[in-house]
Amino acid sequence: MTDPRTVWLSIKTAILGKLLPGLKWVHPDLANYLSGEMNIKRYGVGMRRSAVAVLLFLFLLSTTLPGTATPAYGGAATLDYENPGIDDGTSLFDEFSQTFVISGEPLDQVVADFNGDLRNDTAIIYVNSPVVDIFFCDPQNSFSYTNRTSVSLSPYFVTDIAVGDMDHDDLNDLVVTLNTTSKNVVILNQSSGFIVSIDNKYDTILRPHGVLLEDLDNDTFLDIVTLFSRDSAPYDSGIRIHFHSDDYGLGGVEIDLDNVLYNMDLPRYFTLGNFNGDDMVDMIVGDQTTGMVVGFVNGNSNGLTWTATASIPLNNPTAIMLEQLVNGGLKELVIAEKGTSMLKFWRYSNSTSSFEMYTNKGDQSRISSLAAIDINGDGRIDVTSSSTLYHNITVFNTPTSGSYSYSNAITFPTPLNPISVKTADMNSDDLSDLVVISRSSTGYGTVSIYYQNLDTASNANDNQFVSGISADLSTMGDFNGNGNAIATYNQSLSIIRFVREGSPDLAQRYVGLNLSAILSTDLNDDGYDDLIMAASDTADVIVWFGAPTFLSGGGTALGLTSTLSQALSLTSGDLNDDSLTDLVVGGNGGVNIFNNSGTSAPFSDSQRFTLALPGASVTSIATGQLAWDNDHLADIALVNASASCIEIYYQQGGSTRFIASAHQYMNIMANIRGLAVADLNPDKNLLAAGSLFPFACCFFHQATRILHGLLVSRQPDALGFRCLAVEVRNAFPVYHNASVPVRLRHLTQPRFLIRQRPLRVNLSLCDCIKP
């Protein structure tokens, strides 16, 4: 996993897809509004992509957002490594990825064409479930939960799944194993609509927990290989090969694994492939409980002779993959070892009849799955891993020599608990994409597809890797009229550092204060964004007004005095209905509003209004029109950390614009950390809030049938990270408490910006929903 000091930027992402599925499960009003309207459209169009290290971020929800193709900044031409996406007027997320929610916690998947339309589909099995769901890709290369075929093998739970043409009809069939002791291997033929038939049920030994398909006796028909054991001692684990020529009976080959030579109790990992270079298909088996991995050499073209290699003792192996990573030589065996948090790379030695490790890659914790993909067209197969600790995918470029490294890899977050990653061409562009299934919350999962183009695979639009920056606060704006820049605050150095795409060392300015919040917006309507800073020690507010010489220290500065004991948050908006942008400070004891006079010195302490909220600790604040009756006035939504809830204060029409009694209190949300306001439907502003724990995000949707009311949606455990802050911007911003991202391009729609913890998890952005 990436060093926490390393900064990754996820700029064009789909965090909203991670957050909104909960609405479908929680509140029917919003569910009805959104359902059926949120499938990402993918078209088989090649796209350019950032050739620098890319970080991707997608979460749950099959939805569609408008693509944009606006230049990066200042009207500059699109850089060679940028991918502006496809602006076809209908697709979402710039066609880089899609995610949809499934009703069940997935166990495994296979990817193939299951309806003869030449598009790859995915078949999924679930934890402790008799159901096989086949999700079909539609003509627009989109998926949804409703476009599926479900097969039930009740009352027995499905333990594994494999795909292949079992009856020579050129159609992909499914083979599943069941957690029972008889009739526990079932062939589901595509030609019959995957109907369960007693004629296609077969017996294997004990309880099978794995299945693979391969023609091992060279009769052109696929044979079935099962991995079996009891679920408790004595385990009697082993492998059984069922030959097609024997009608998949018990007359094939059985290999005992529960002995002193192999020492396997509960083997759950195995793969097939030629690892010794004799052009016959061999086998590798792994047991996580005992830590043993053993290869079996196929010694005869009839598949009846198998010789074990020397075993590999490991500390808790969790995934294995056999693949030709480099042209020439023997295939490489890749093993994920949980105990050492490593990927270990091995090659078989015919002289010693054993596997020899030739390299490894550390900081690969709790790897749940491995896959192979050529991410850069260099002819070498690259290694993809999924982590259930960091909830991410890492794609390592296979080096010509030496070790695998993060500097030659891409890493991006996924929905919570990714447990399987497969590679297949999911949009008919002749490039392999990534299909990831995740156990995202109790009783539900997700399927995420990350599309590859000529350079990489991503669910983000544009990303740039920026190292050497530790950012406690950050924001973005066009401060000097020369394009957007990221302003990052480092508390230990007391500096604001400015970075821009392609310019990680653009400029820096000394602050000399401990800051609790920073904000960028054009307060005086002069075309330059201004930088507003709240001092945590003095509760003062400092404004650096934008100017052509801003980055080098130019422009005027203004100091304002807050009446709060501590300033903790900042926002802006028209809070007295005069069409001018006012400045809002939240903190301990309430809210200060500095009204804009519209003059050359637009703010002063004499124009300060205080909304006193005794005992409140306003850690996050936002403005927006939050009253359904369309009074056009901007209201204030804030996080009161003292009460662990969101409070909305409605703007009044009189001379006193805000009073403490004109409020609405939302539901309590433990450890709430941030909120944002935006019109996402579009119909009325919607408020979103994220929490530090339990990794949740709530959405509050305005309801016309409730006076000053918002419908509450809660989806616990919807996020795979601890949320530190949520913000909405109309331009590309970047945030993280200890990292800085860089990818700047103007956007025309609101996006949610989520600042996250731990440090290694990245900022995420999401687009608005179009109805």
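Two strands pair if DSSP finds at least two bridges between them. The legends below concern a predicted model.

**View 1. An open sheet of four strands with antiparallel pairing.** The strands follow the order β19-β20-β21-β22. At the edges stand β19 (317-323) and β22 (354-361), each of which pairs on one side only. On average, and with direction ignored, neighbouring strands of this sheet are turned by 25° against each other. Six bridges join β19 to strand β20 (residues 332-337) in the antiparallel sense. Leu322 has Leu333 of β20 standing opposite.

**View 2. The salt bridge between Arg347 and Glu332.** The closest N and O atoms of Arg347 and Glu332 are 2.8 Å apart. Arg347 belongs to strand β21 (residues 342-349) and Glu332 to strand β20, so the salt bridge ties together parts that are 15 residues apart in sequence. Glu332 is buried, because its relative accessible area is 0%. Arg347, at 30% relative accessibility, counts as partly exposed.

**View 3. The salt bridge between Asp133 and Arg148.** Side chains of opposite charge can pair when their charged atoms come close. For Asp133 and Arg148, the distance between the closest N and O atoms is 3.5 Å. This pair links distant parts of the chain, with Asp133 in strand β4 (residues 131-135) and Arg148 in strand β5, 15 residues apart. Asp133 counts as buried at 3% relative accessibility, whereas Arg148 is partly exposed with a relative accessible area of 30%. The count of salt bridges in the model comes to eight.

**View 4. The salt bridge between Arg268 and Asp231.** Here the closest N and O atoms lie 4.0 Å apart. Arg268 is placed in the loop between β13 (253-256) and β14 (269-273), and Asp231 in the loop between β11 and β12; the pair therefore ties together parts that are 37 residues apart in sequence. Arg268 is partly exposed, with a relative accessible area of 29%. Asp231 also counts as partly exposed, at 39% relative accessibility.

**View 5. The surroundings of Asn120, in the loop between β2 (106-112) and β3 (121-126).** The side chain of Asn120 reaches the backbone nitrogen of Asp113 at 3.5 Å. A polar atom of this side chain also lies 2.9 Å from the backbone oxygen of Asp425. With neighbours within four places in sequence left aside, Asn120 is in contact with Val111, Ala112, Asp113, Cys137, Phe143, Ala424, Asp425 and Met426.

**View 6. Two cysteines, Cys137 and Cys645.** A disulfide is a covalent bond between the sulfur atoms of two cysteines. A search of the whole structure finds zero disulfides. Cys137 is buried, because its relative accessible area of 2% is under 20%. Cys645 is likewise buried, with a relative accessible area of 5%. Cys137 is one of the residues in contact with Asn120.

**View 7. Cis peptide bonds before Pro155 and Pro234.** The peptide bond that joins Ser154 and Pro155 is cis, with omega about 15°. Pro155 is found in the loop between β5 (148-152) and β6 (158-164). A cis peptide bond also joins Ala233 and Pro234, where omega is about -5°. Pro234 lies in the loop between β11 (223-229) and β12 (238-242).

**View 8. Positive phi values at Asp170 and Asn417.** Asp170 is a residue other than glycine, and its phi is positive, near 60°. The place of Asp170 is in the loop between β6 and β7 (173-178). At 73% relative accessibility, Asp170 counts as exposed. Asn417, which is not a glycine, has a positive phi of about 60°. The loop between β26 (409-413) and β27 (418-424) holds Asn417. Asn417 counts as partly exposed, at 23% relative accessibility.

**View 9. Ala471 and Arg497.** Ala471 is found in the loop between β30 (457-458) and β31 (473-477). Ala471 is buried, with a relative accessible area of 0%. In sequence, Ala471 and Arg497 are 26 residues apart, and in space their C-alpha atoms are 8.9 Å apart.

Definitions and conventions:
Residues numbered from 1 in each chain as written. Predicted model: local features only at pLDDT ≥ 70, side-chain atom pairs only at ≥ 80, totals over all residues. Heavy atoms only, no water. Helix = DSSP H or I, 4+ residues; strand = E, 2+ residues; numbered from the N terminus. Buried < 20%, exposed > 50% of the residue type's maximum accessible area, 1.4 Å probe, protein only. Polar contact = N/O pair within 3.5 Å; in protein donor to acceptor, adjacent residues only side chain to side chain. Contact = heavy atoms within 4.5 Å. Axes fitted to C-alpha atoms, helices over the stretch in contact; angles between N-to-C directions. Disulfide = S-S within 2.5 Å. Salt bridge = Lys/Arg side-chain N within 4 Å of Asp/Glu carboxyl O.
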